[in-house]
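Hi,

Here is the structure I promised to pass on. Have a look at it first, and then read my notes underneath.

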Amino acid sequence: MASTTTAASAPAVGPIPFKDVSDLATPVPAEASSEEEHNVLVSALPSKLVPGTQLKLRCYQGFWLPERFVPAAVGLQRRFAPRRDDVIIASLPKCGTTWLNALAFATMARRSYYPGGGSDHPLLRLTPHQCVPFLDALFAGGREAQLEVIPSPRLMYTHMPLSMLPVHRGGYRVVYICREPKDMAVSLWHFRRSAHPELSFADTVESVFSGGNTYGPFWDHILGYWRASQSVLFLRYEELLRDPAENVRKLARFVGLPFSEAEEEAGVVGGIVELCSLESLRSLEVNKRGYMDGLNFPRKALFRKGVPGDWVNHMAPEMACRMDEIVGDKFSGSGLSFY
Ligand code: PAP
């Protein structure tokens with residue numbers, strides 16, 4: 001990965017909204033032998049269901065991945081060919097991915113798409129997730145060739161742990177976002193409930209804090225990126241809420257596209273923050289209606305409350321205390337804390 005001090009050269013034409021180009025490359029059918037290999041590999045791994053859902057997880061190299069994404073992890077490790085100016089957003093689900101995708105897209109694409117009022121910005125007609133390709137789904141679905149048609153610099157996102165990315169084939173930049181774990185669990189429960197209304201809150205929280213939830217254990221996921229934070233830009237959802245403009249500037253510097261004085265004076269940073277605010281995204285038709293691509297979750301479930309500390313409205317003090325003890329124990333000595 002690139003160091004935080006490396007500056008990228010002037011941008012080419014990317015990133016462009018992925019949805020606008022994703023039909024240009026046809027899927028490459030997996031070879032029968034490699035598909036068979038994958039099936040054997042996947043079926044040999046420990047498995048379990050996410051409580052209250054039919055989503056099967058498999059434990060691959062220490063992480064509980066959705067079953068269909070295990071071949072994606074293998075594909076990412078073996079075949080993903082990052083470009084030097086790639087930017088990858090990484091996160092656990094419900095830690096601010098949608099917001100960061102929007103902010104990073106608006107920041108990196110600002111010379112093609114002006115983020116100010118009255119513009120026809122792609123984020124006004126597409127969801128943030130439609131603008132930024134999801135590596136896990138592309139590699140799981142044999143659609144990775146679609147990444148080749150995107151002009152540089154590419155912006156992509158993943159929920160995979162750092163160990164599933166081809167770190168030795170370096171040169172690209174990784175931006176990670178983490179969130180206070182109790183709030184992450186609360187957000188996850190609300191999101192899943194939009195498709196599974198009977199889902200138990202206690203079961204969801206227990207599964208998150210036992211380490212067995214999607215892409216978990218969460219502590220290993222977070223610590224993997226935290227320990228690499230010399231080269232990874234490590235952001236926190238709560239910090240983004242506290243000072244979005246400063247975090248956008250930090251992001252722009254990290255991807256080698258710092259804001260010029262003229263841009264600062266023209267209020268470009270404020271324009272990006274406003275365009276990507278929860279209120280703004282939530283009010284758009286494209287984010288209000290329909291379902292997430294390929295999933296049975298309504299898009300609007302991604303835009304809920306967006307506040308720190310919502311766990312207090314859901315967890316009894318004893319439960320919160322127990323979860324804090326787990327977090328204290330798992331992050332002890334790491335230099336990372338959530339309080
Ligand atoms: P994903 O990983 O499945 O894409 P993600 O976007 O990380 O989900 O999580 C959704 C959370 O981010 C929601 O938090 P909540 O349930 O606690 O409310 C959602 O409200 C919040 N969120 C989405 N967009 C924004 C935004 N523009 N600003 C602040 N928070 C946001």
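Let's start with S91, which is found in strand β4 (residues 87–91). Before going further, some ground rules: this is a predicted model, where local features need pLDDT of at least 70 and side-chain atom pairs count only at pLDDT 80 or more, while totals for chains, interfaces and linings use all residues. Residues are numbered from 1 along each chain as its sequence is written, and side-chain values use heavy atoms, with hydrogens and water left out. As for helices and strands, they are DSSP runs numbered from the N terminus (H or I and at least four residues for a helix, E and at least two for a strand).

Back to S91: its relative accessible area is 0%, so it is buried (buried is under 20% relative accessible area, exposed over 50%, partly exposed in between, with a 1.4 Å probe and protein chains only). What does S91 touch, apart from its neighbours within four places in sequence? It is in contact with T97, T158, H159, Y176, I177 and H221, contact being heavy atoms within 4.5 Å. Y215 is 124 residues away from S91 in sequence, yet their C-alphas are 9.6 Å apart.

Now the sheet. Four strands make up an open sheet with parallel pairing, in the order β5-β4-β6-β7. The edges are β5 (155–158) and β7 (232–236); each has a single partner strand, so one side of each has no neighbour in the sheet. On average, neighbouring strands here are turned by 20 degrees against each other, direction ignored. Two strands count as paired if DSSP finds at least two bridges between them; β6 (residues 173–178) and β7 have five, in the parallel sense. C178 has R236 in β7 as its bridge partner.

Two helices go with this sheet. Helix α4 (residues 97–108) lies across β4, β5, β6 and β7, at about 170 degrees to β5. Helix α11 (residues 244–254) lies across β6 and β7, and runs at about 170 degrees to β7. (Axes are lines fitted to C-alpha atoms, for helices over the stretch in contact, and angles run from 0 to 180 degrees between N-to-C directions.)

Last, how many disulfides does the structure hold? Zero, a disulfide being a pair of cysteine sulfur atoms within 2.5 Å. For C59, the closest cysteine sulfur is in C95, 19 Å away, so that is too far for a bond. For C131 it is in C276, at 9.5 Å, again too far. C59 is buried at 19% relative accessible area, and C131 is buried too, at 2%.

Cheers
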